[in-house]
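Here is a short briefing on one protein model. Keep the structure open as you read, and find each residue as it comes up.

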Amino acid sequence: MTEKYEQLSKLLSKKVINWVEAEAIIESFGNHINDKYNDSPYDEGTILSELYMDSHSYERGEILVKLTRLFLKYGYDVHANNDFNGAICLHNLCWASYDKYVLHTAELLLNAGANTHIKIDDDDEDGILNSISWKLGYWNTGEYDSANMFEAHYQMIQAEQ
C-alpha cells in the first residue's frame, strides 16, 4: 500500500494532474481504501488523511475536493475504524490548505457522515472543533481571508454537532 500511496502522492504533486491515472490508483486500493496507513503520525491515519497533509495541496485545495470525491466514489467510509476515518480527515484538513476549498472538502466529508465528536488526541475536549479553533487563532494574526474561511469551517462543524 505504501508504494501506491507514494505513486499517488507524486502524481498529485505535479503542476498538471492526470486525474485518470489518479483515479486508477485510487480504485486499485480496493478493499484496503479504509485501512490505517502505517506511516501516519497518528495511529489511526488513513491514506486519504495523509494525502491531505502532503505539501502539494497548499494553495491548491481544489486537489482535495477532487481527491475526496474519488475516494468516496471508490468506497472510502468515514465511519470505518470506529468513525476515525472521517474525523482524522477533518482534522488534517485544518492543516492541509488555506483556500476556500477547505470548506468544499469539509462539506463532502460531513455529507458522507463524518463524526465531528471523535477526539484525535488526549487534548481534544470538543473533537474536531479544537483543531479548527486552534487554526483559527493562528490565522487571526493578520491573514483575514484565511481567518474568515476557518471561522466558516468552525461554524459548519459546530452546526453539524
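In this predicted model, the largest nonpolar core has 35 residues, and L8 and F71 touch the most other members. Two or more residues of this core come from each of α1, α2, α3, α4, α5, α6 and α7 (128–139). The largest share, 5 residues, comes from α4. In soluble globular proteins, nonpolar side chains tend to be buried together.

**F71 and its neighbours**

- F71 has a relative accessibility of 0%, so F71 counts as buried.
- Leaving out residues up to four places away in sequence, F71 touches L8, I26, F29, I33, I47, L48, L51 and Y76.
- L8, one of these contacts, shares with F71 the top place for touching other members of the core.

**A second core**

- Apart from the largest nonpolar core lies another core, of 5 residues.
- Its members include F84, I88, I118 and I120.

**Helix α4**

- Helix α4 covers residues 62–73, which makes 12 residues.
- From first C-alpha to last, α4 reaches 17 Å, close to the 16 Å expected at 1.5 Å a residue.
- Which residues of α4 are buried? They are I63, L64, V65, L67, T68, L70 and F71.
- These buried residues pack against five helices: α1 (2–12), α2 (19–28), α3 (47–53), α5 (84–96) and α6 (101–111).
- G75 follows α4, and the phi of G75 is positive, near 105°.

**Aromatic pairs**

- A pair of aromatic rings is described by the distance of the centres and the angle of the planes.
- The count comes to 2 aromatic pairs.
- In one pair, the ring centres of F29 and F71 are 6.2 Å apart and the planes are at 35°, so the pair is tilted.
- F29 sits in the loop between α2 and α3, while F71 sits in helix α4, so this pair ties together parts that are 42 residues apart in sequence.
- F29 counts as buried because its relative accessibility is 3%.
- The rings of F71 and Y76 have centres 6.0 Å apart and planes at 80°, so this pair is edge-to-face.
- F71 and Y76 are both buried.
- Ring pairs join F29, F71 and Y76 into a cluster.

**The salt bridge**

- Side chains of opposite charge can pair when their charged atoms come close.
- How many salt bridges does a search of the whole structure find? The search finds 1.
- The side chains of E23 and K73 form a salt bridge, at 2.7 Å from N to O.
- E23 lies in helix α2 and K73 in helix α4, so the pair ties together parts that are 50 residues apart in sequence.
- Is K73 buried or exposed? K73 counts as exposed because its relative accessibility is 55%, and the cut-off for exposed is over 50%.

**The loop between α4 and α5**

- N81 is placed in the loop between α4 and α5.
- The phi of N81 is near 55°, a positive value in a residue other than glycine.
- N81 has a relative accessible area of 27%, so N81 is partly exposed.
- N82 is also placed in the loop between α4 and α5.
- The phi of N82 is near 60°, again a positive value in a residue other than glycine.
- N82 has 73% relative accessibility, so N82 counts as exposed.

Methods:
Residues are numbered from 1 along each chain as its sequence is written. This is a predicted model: local features need pLDDT of at least 70, side-chain atom pairs count only at pLDDT 80 or more; totals for chains, interfaces and linings use all residues. Side-chain values use heavy atoms; hydrogens and water are left out. Helices (H or I, at least four residues) and strands (E, at least two) are DSSP runs, numbered from the N terminus. The expected span of a helix is 1.5 Å times one less than its number of residues. Buried means under 20% relative accessible area, exposed over 50%, partly exposed in between (1.4 Å probe, protein chains only). Contact means heavy atoms within 4.5 Å. A salt bridge is a side-chain nitrogen of Lys or Arg within 4 Å of a carboxyl oxygen of Asp or Glu. Rings of Phe, Tyr and Trp (its six-membered ring) pair if their centres lie within 6.5 Å; planes under 30 degrees apart count as stacked, over 60 as edge-to-face and the rest as tilted. A nonpolar core is a set of buried Ala, Val, Leu, Ile, Met, Phe, Trp, Tyr and Cys residues joined through side-chain atoms within 4.5 Å.
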